[in-house]
Structures are given as C-alpha cells and as structure tokens.
Amino acid sequence: MKNYTLFFRMDVLSDPPDKETMKNYLNDWYKWLDKMADEGHLAEGGNHFSKEGTVLKSDGNSQAGPYVADGISIAGYLNIIAKDLEHAKSIASECPILKGKGNSVEIRAWGNVE
C-alpha cells in the first residue's frame, strides 16, 4: 500500500452555495469519508483551507489571497492509502467535489515514492 494526497481544486473565491445545497454536499462528503474509513483507505491528515492567504513570488513580491488559475484554487487536501495510482484514482473518482462544475481532484504519491 502507498500513501497519496488528494488535492481538492475548486472556485474558493465565489460565494458558498445555499444552505440546502451545502447540507447535501456535506452529507455526501461524510458518506464518502466513512466509506474510505470502513475500507481502510483513509489516512491521517487533511484539512480545508480558508480564502485568506498570500502567495510569495521568487522576485520578492507577494499577491494577496490564494493562488488562483482559471478561477480555481486548492480548497483542501486529504491523505489516503491505496495499492497504486490506479486504485487511488478509483477512490478519488467518488469524491463529491467532482460534482461541481470545474472542480478537480489531483492525486499525488508521497512517502516512499519510487
């Protein structure tokens, strides 16, 4: 088994969805987390990020807010355990974030990376 981090990318600067949509989203999110935990794929580590922050650049300048490209930024991350990249991709494909237009999940191996 290998360690992977899932980076959740979405529009973090727009207003959040209405309460009912958020309730449904969180319900789906917790079902997905419970499933991964039950199957032994959920690892320690993960969090959501706020809109506040700054980007430091190599030229010494900084930019207020998160790094945003095409309106999308990293909203958070989660660590999982999977057999290989294809298995991690299968786990990530069920992530509720993928229901949102323009959202994505980036999968990166870490630890004993070959």
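I91 sits in helix α2. Is this residue buried or exposed? Its relative accessible area is 8%. The cut-off for buried is under 20%, so I91 counts as buried. Beyond its neighbours within four places in sequence, I91 touches W32, M36, H41, I80, I81 and A82. L56 gives a contrasting view along the chain. I91 and L56 are 35 residues apart in sequence, and their C-alpha atoms are 33 Å apart in space.

This is a predicted model, and confidence comes next. The mean pLDDT of the protein is 93. A score of at least 70 is reached by 97% of the residues. Helix α2 has the highest confidence, at 97. Strand β2, residues 42-48, has the lowest, at a mean of 92. Where pLDDT is low, predicted coordinates should not be read in detail.

Now the overall layout. The protein has 2 helices and 6 strands. Read from the N terminus, the order is β-α-β-β-β-β-α-β. The C-alpha trace spans about 45 × 40 × 20 Å along its principal axes. There are 114 residues in the protein, and 26% of them are buried. Take the contacts with a separation of 6 or more: 77% of these join residues 24 or more positions apart.

The interior follows. In soluble globular proteins, nonpolar side chains tend to be buried together. Here the largest nonpolar core has 16 residues. Which of them have the most contacts inside it? They are L6, F8, W29, W32, M36, I80 and C95. Four elements each supply at least two residues of this core: β1 (2-10), α1 (19-38), β5 (73-82) and α2 (85-92). The largest share, 4 residues, comes from α1.

W32 shows how these parts meet. Leaving aside neighbours within four places in sequence, W32 is in contact with L6, F8, L78, I91, A92, E94, C95 and P96. Among these partners, L6, F8 and C95 are also on the list of residues with the most contacts inside the core. The contact with I91 leads back to the starting point in α2.

Next, the open space. The largest pocket has a volume of about 690 Å³. How many residues line this pocket? The lining has 26 residues, and M10, D11, P17, M22 and Y25 lie nearest the centre. By class, 12 are nonpolar, 8 polar and 6 charged. β1, α1 and β5 each supply at least two residues of the lining. α1 gives the most, with 6 residues. This helix therefore gives the largest share of the core and the most residues to the lining of the largest pocket, by the element assignment used here.

Two loop residues complete the tour. N103 lies in the loop between α2 and β6 (104-110). Its relative accessibility is 17%, so N103 counts as buried. Outside its neighbours within four places in sequence, N103 is in contact with R9, M10, D11, I97 and L98. Two of these partners, M10 and D11, are among the residues nearest the centre of the largest pocket.

D70 belongs to the loop between β4 (62-64) and β5. Its relative accessible area is 82%, so D70 is exposed. Most residues other than glycine have a negative phi. D70 has a positive phi, near 55 degrees, and is not a glycine.

Key
Residues are numbered from 1 along each chain as its sequence is written. This is a predicted model: local features need pLDDT of at least 70, side-chain atom pairs count only at pLDDT 80 or more; totals for chains, interfaces and linings use all residues. Side-chain values use heavy atoms; hydrogens and water are left out. A nonpolar core is a set of buried Ala, Val, Leu, Ile, Met, Phe, Trp, Tyr and Cys residues joined through side-chain atoms within 4.5 Å. Buried means under 20% relative accessible area, exposed over 50%, partly exposed in between (1.4 Å probe, protein chains only). Contact means heavy atoms within 4.5 Å. pLDDT is the predictor's confidence in each residue, from 0 to 100. On a 1 Å grid over the protein atoms alone, a cavity is a set of points where a 1.4 Å probe fits but cannot get out, and a pocket is an open set with protein on both sides within 12 Å along at least five of seven lines; lining residues have an atom within 4 Å of a point. Grid points are joined across faces, edges and corners, and a volume is the space filled by probe spheres set on the points. Ala, Val, Leu, Ile, Met, Phe, Trp, Tyr, Cys and Pro count as nonpolar, Asp, Glu, Lys and Arg as charged, and the others, Gly among them, as polar.
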